[in-house]
Amino acid sequence: MTGTRGLVAAGFLLPALVLLGALVVYPIGYSVYRSFFDRAGSAFAGLDNYVEIFTDDTILTAVRNNAVWVVVAPTVATALGLIFAVLTERVRWGTAFKLIVFMPMAISMLAAGIIFRLVYEQDPDRGVANAVWVGVHDTFAESSTYPKARPLPVHPLRAAGGGAFETKEPVRAGTPVLLPLIGVAPRDMPPDAEPAKAPRPGGDTVSGTAWLDFTRGGGGAPNTVDARELGLKGLRVEAVRDGRVVATASAAADGTFTLPRAADGAVLRLPESNFREQYNGVDWLGPSLVTPAVIGSYVWMWAGFAMVLIAAGLAALPRELLEAARVDGANEWQVFRRVTVPLLAPVLAVVLVTLMINVLKIFDLVFIIAPGSVQDDANVLALQLYRSSFGTDAHLGVGSAISVLLLLLVIPVMFFNIRRIRKESRR
C-alpha cells in the first residue's frame with residue numbers, strides 16, 4: 001500500500017520535476033558551465049570572465065547601480081507603503097486612495113517605462129516633470145522674453161559684459177535715444193507688441209525707443225524705426241553713472257520709454273536679465289540623475305504593492321495593544337513608532353525582501369527610460385547581462401558570468417526569507 005502511494009505521489013510530482021529541471025536546473029547549470037569558456041565557447045577561460053566583471057568600467061557601474069537600487073528602491077517603496085497604509089486606515093475615502101495607489105501595479109513594466117520616458121522629457125511642452133518644475137521656477141525667477149537678442153556692429157550699442165549691453169556714448173536730455181536689437185524671431189515677440197514709434201525730441205527727460213530692427217520680407221534700414229518693425233515691450237533700461245543705477249524704465253508696447261532728468265549724461269544699459277536664456281528645467285535623464293529618475297518610476301509602481309500588504313498586516317494587529325498605549329499616555333507618534341512598527345516588523349520584512357529580490361533583476365524600466373547616450377550611466381546587472389549576451393558584439397562567457405553573479409546575489413536574500421518563514425511557522 002505504501003509503495004502504491006509512493007508511485008502515485010511520484011506520478012503527480014514527475015511533471016513538475018521535469019519542468020523544474022528543464023526550466024530552472026538545466027539553465028543554471030549550463031550558465032555556470034558556459035561562464036568558464038571564452039567568447040566562442042571553444043576554449044576554457046577559467047576565471048577570466050569573472051575577473052572582467054570586476055575590472056570592466058561599464059560592468060562595475062552596473063554593480064554600483066545595483067547596490068543603489070537594492071538599498072534605495074525597496075526602502076523608499078516600503079516606507080511610502082507604510083505611510084499610506086497608516087494614514088488611510090481611519091479616513092472614509094481610504095479604500096479609494098488605496099485603489100488609486102495600487103493601480104500602477106496593473107501596468108506592465110514596458111508601459112510604465114514608456115509613460116515615464118515621456119514624463120522625464122527635457123522639453124517642458126512634452127515632459128510633465130519639467131513642465132511642473134519650470135512653472136514653479138518661473139513663478140520666482142521669470143525667464144526673459146528676448147533670450148537671444150543682440151545689437152549689430154552698426155548699432156549704437158556695445159557689449160557691457162555679463163550678457164548686458166550699453167550705449168557707446170552717454171545720453172543727453174532732449175536728444176532721442178535709439179536702442180535697436182536683432183536676434184528675436186517675429187513669432188517669438190510678445191503677442192501684444194505694437195509697431196515701434198520713433199522717440200520725440202525735446203523736454204528735460206531722456207526718451208527713446210527700443211525695437212526689433214528687423215523688417216519681415218526685407219527692406220528697412222539699420223538704426224531707423226520702420227513702420228513694420230515691432231517695439232520690444234517690457235525691455236528694461238537702466239541709466240548708469242559712475243557704476244550706479246540712477247534711473248530705470250521699461251519699454252512700452254511700441255518700444256518707447258522715458259527716463260527722468262537724472263539720466264542726463266549717463267550711459268544707458270540693457271541688463272542681462274533682458275536676455276536670460278529660457279529655463280528648460282532639469283535634465284532628468286542626464287548622466288547624474290538618470291538612476292534616481294528610474295528608481296522614482298519603480299517606486300511609483302511598487303509603493304501600492306507595499307501598501308496593500310502592510311494594510312493587511314495592519315488590519316490584523318490587536319487593537320487592545322494600541323488602545324492600551326494611548327491610555328498610558330502615548331501620543332500617536334509614539335504609538336506608531338513603539339507599538340505599530342514593531343508589531344508590523346514581520347510584514348515589513350516580507351515586503352522589503354520581496355522588493356529586494358525584485359530590484360536585483362530590474363531590466364525593463366532601465367532599458368526603456370534611459371536614452372542610449374546614458375545607458376552606461378544607468379546600467380544595471382540585468383541590462384548588462386542582456387547587452388553582453390545578445391547583439392553583434394556578444395560575449396556569452398561574460399553574460400553567463402553576470403547571470404551567475406546575479407544568482408549568487410539573490411541566494412542570500414532567498415535564504416533569509418526562507419529562514420524567516422520557517423521561524424514564523426514554528427510560532
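This passage walks through the membrane annotation, one helix, the main core and the strands of a predicted model. Residues are numbered from 1 along each chain as its sequence is written. Because the model is predicted, local features need pLDDT of at least 70 and side-chain atom pairs count only at pLDDT 80 or more, while totals for chains, interfaces and linings use all residues; side-chain values use heavy atoms, with hydrogens and water left out.

A good place to start is the annotation. An unreviewed UniProt entry lists residues 7-29, 67-87, 99-120, 298-317, 343-374 and 394-418 as "transmembrane region"; such annotations may be inferred rather than shown by experiment. In the model, residues 394-418 are 92% helix and 0% strand, with end C-alpha atoms 36 Å apart. Residues 99-120 are 68% helix and 0% strand, and their end C-alpha atoms lie 25 Å apart. Helices (H or I, at least four residues) and strands (E, at least two) are DSSP runs numbered from the N terminus.

Helix 7 deserves a closer look. Its 26 residues, 290-315, reach 38 Å from the first C-alpha to the last, close to the 38 Å expected at 1.5 Å a residue, where the expected span is 1.5 Å times one less than the number of residues. Helix 7 nevertheless bends by about 35 degrees at Trp302, the bend being the angle between axes fitted to the seven residues ending there and the seven starting there. Of the 26 residues in helix 7, 19 are buried (under 20% relative accessible area, with a 1.4 Å probe and protein chains only).

The largest nonpolar core has 49 residues, of which Trp69, Tyr120, Tyr298 and Leu365 touch the most other members. Such a core is a set of buried Ala, Val, Leu, Ile, Met, Phe, Trp, Tyr and Cys residues joined through side-chain atoms within 4.5 Å. Helix 3 (57-87), helix 5 (109-119), helix 7, helix 10 (345-360) and helix 11 (364-369) each supply at least two of its residues, and helix 7 gives the most, with 15.

Turning to the strands, five of them form an open sheet in the order 1-2-8-5-6, with antiparallel pairing (two strands pair if DSSP finds at least two bridges between them). Strand 1 (157-161) and strand 6 (244-250) are the edges, each pairing on one side only. Four bridges join strand 1 to strand 2 (residues 164-167), and Gly161 has Ala164 as its bridge partner. Elsewhere, strand 3 (residues 177-181) runs parallel to strand 4 (residues 206-212), joined by five bridges; here Val177 is partnered with Gly208. Four of the five residues in strand 3 are buried.

Methods. Buried means under 20% relative accessible area, exposed over 50%, partly exposed in between (1.4 Å probe, protein chains only).
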